[in-house]
Amino acid sequence: MEKMLLIVNPISGGKDKKKVIQAIENGLDKNRFQWDIAFTEYSGHGTILARETDADIIVAVGGDGTVSEVAKGISGTGKTLGIIPCGSGDGLALHLGISRNLPKAVRQLNDSRQAIIDYGTIDGKLFFCTTGVGMDAEVAWEFAKAGTRGLKTYVSKTLSIWRHYVPKEYRLEIDGEPRSIRATFITVANINQWGNNAEIAPEASVTDGLFDITVLLPFHIWDIPGLALRLFSRQFTKSRKVLSFRGRNVVIHHSEPMIAHFDGDPIEMGSDIHIDIHPKSIRMLIPQGGRHRV
């Protein structure tokens, strides 16, 4: 029998976690797992709980930020990460084909298999989904300060910032090859999406040892409908307003300190940012079959 700890973020996604606990109690396979449940009480608590437990499997119950926080605690330990998604975006879960329907997500844990996946670091800080700079980082900054969570708030912040946003000049270096770019944003992706199936890097894989780098060039208001359509139809990188690259090591330089984001969390950085891939570095529970793309 496998020993499991489920780490629940009580505020992720603005959702009531009573239904989550009920789904776990009713659906988790008692013949396969022996489990306990712990709740995070402050930022970073998930990392501590994951690091200190003797459980073999640690399940993050929350959004991408919760997943990243829990994963930090098990990185390098040989323990296995699982996800029950209930956040605002749930990018990693959706990439792997994990359902946002709570009872189904629990059943998927019962019938899961293990994979060893990549993660990235931005100036040494671990991330699993995406990181980057530009307009999306500023949206993440404002979203973090908002009193409410969820997709509606995120879209509202995006539209508000876009109205006044001025693209910036960057020097982008990928595996030692430099190029100068004026960009609305630069996203370095380990998975295919930001979350909510907004696929910013449709061909990304978590087991290929490479980042997919997506650069949105300056665009006009009349480009927005087409870009939005492409974002949700796996066609974003085919737009003439988008450049895409692949690489293992990325350096982003700007003339001034930057705001960046990693797995949805904003952070103030310097004028040079170093982003590195760590191939096949953490064990992950993923569904058998299904839509996942490892």
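Strand β1, residues 2-8, is mostly covered, with five of its seven residues buried. In this predicted model, β1 runs parallel to two strands: seven bridges join β1 to β2 (residues 33-39), and five bridges join β1 to β3 (residues 57-62). The protein chain that holds these strands has eight helices and 16 strands. The points below take up the pairing of β1, the chain as a whole, a second covered strand, a cavity, and several single residues.

**Strand β1 and its partners**

- On the β2 side, E2 has F33 as its bridge partner.
- On the β3 side, L5 of the β1 pairing stands opposite I58.
- L5 and I58 also appear together among the contacts of T53, a list that leaves aside neighbours within four places in sequence and that includes K79 as well.
- T53 itself lies in the loop between helix α2 (45-52) and β3.
- The relative accessible area of T53 is 16%, so this residue is classed as buried, the cut-off being under 20%.

**The chain as a whole**

- A compact globule of 294 residues would have a radius of gyration near 19 Å, and the protein chain agrees with this because its own value is 19 Å.
- The C-alpha trace spans about 55 × 35 × 35 Å along its principal axes.
- Of the 294 residues in the protein chain, 54% are buried.
- Among contacts in the chain with a separation of 6 or more, 71% are accounted for by residues 24 or more positions apart.

**Strand β7, a covered strand**

- Strand β7 (residues 130-134) is largely enclosed by the rest of the structure, because five of its five residues are buried.
- Both faces of β7 are covered: T130, G132 and G134 are buried on one side, and T131 and V133 are buried on the other.
- β7 pairs in the antiparallel sense with strand β10 (residues 185-189) over five bridges.
- Within the pairing with β10, G132 stands opposite T187.
- β7 also pairs in the antiparallel sense with strand β14 (residues 259-262), over three bridges.
- Within the pairing with β14, T131 stands opposite F262.

**The cavity**

- A search of the whole structure finds one cavity of 30 Å³ or more.
- About 50 Å³ of space lies in the largest cavity.
- The lining of the largest cavity consists of I83, I98, A105, Q108, L109, S112, L285, I286 and P287.
- Helix α5 (102-110) and strand β16 (272-287) are the elements that give two or more residues to this lining.
- Sorted by class, the lining has seven nonpolar residues, two polar residues and no charged residues.

**Residues with a positive phi**

- Most residues other than glycine have a negative phi.
- K280 has a positive phi of about 45°, although it is not a glycine.
- K280 is found in strand β16, the strand that also contributes to the cavity lining.
- The relative accessible area of K280 is 54%, and K280 is therefore exposed, the cut-off being over 50%.
- D175 likewise is not a glycine, yet has a positive phi of about 50°.
- D175 is placed in the loop between β8 (168-174) and β9 (177-183).
- With a relative accessible area of 41%, D175 is partly exposed.

**Residues E25 and S233**

- E25 belongs to helix α1 (residues 18-27).
- E25 counts as partly exposed, at 39% relative accessibility.
- Not counting residues up to four places away in sequence, E25 touches K30, W35 and I37.
- E25 and W35 are 10 residues apart in sequence, and their C-alpha atoms are 9.8 Å apart in space.
- S233 lies in the loop between helix α8 (224-231) and strand β12 (242-247).
- S233 is partly exposed, with a relative accessible area of 31%.
- S233 and A198 are 35 residues apart in sequence and, from C-alpha to C-alpha, 8.3 Å apart in space.

Definitions and conventions: Residues numbered from 1 in each chain as written. Predicted model: local features only at pLDDT ≥ 70, side-chain atom pairs only at ≥ 80, totals over all residues. Heavy atoms only, no water. 1 Å grid on protein atoms, 1.4 Å probe; cavity = no way out; pocket = protein on both sides within 12 Å on 5 of 7 lines; lining within 4 Å. Points joined across faces, edges and corners; volume = space filled by probe spheres on them. Helix = DSSP H or I, 4+ residues; strand = E, 2+ residues; numbered from the N terminus. Nonpolar A, V, L, I, M, F, W, Y, C, P; charged D, E, K, R; others polar. Buried < 20%, exposed > 50% of the residue type's maximum accessible area, 1.4 Å probe, protein only. Pairing = 2+ DSSP bridges. Rg over C-alpha atoms; globule rule 2.2 N^0.38 Å. Contact = heavy atoms within 4.5 Å.
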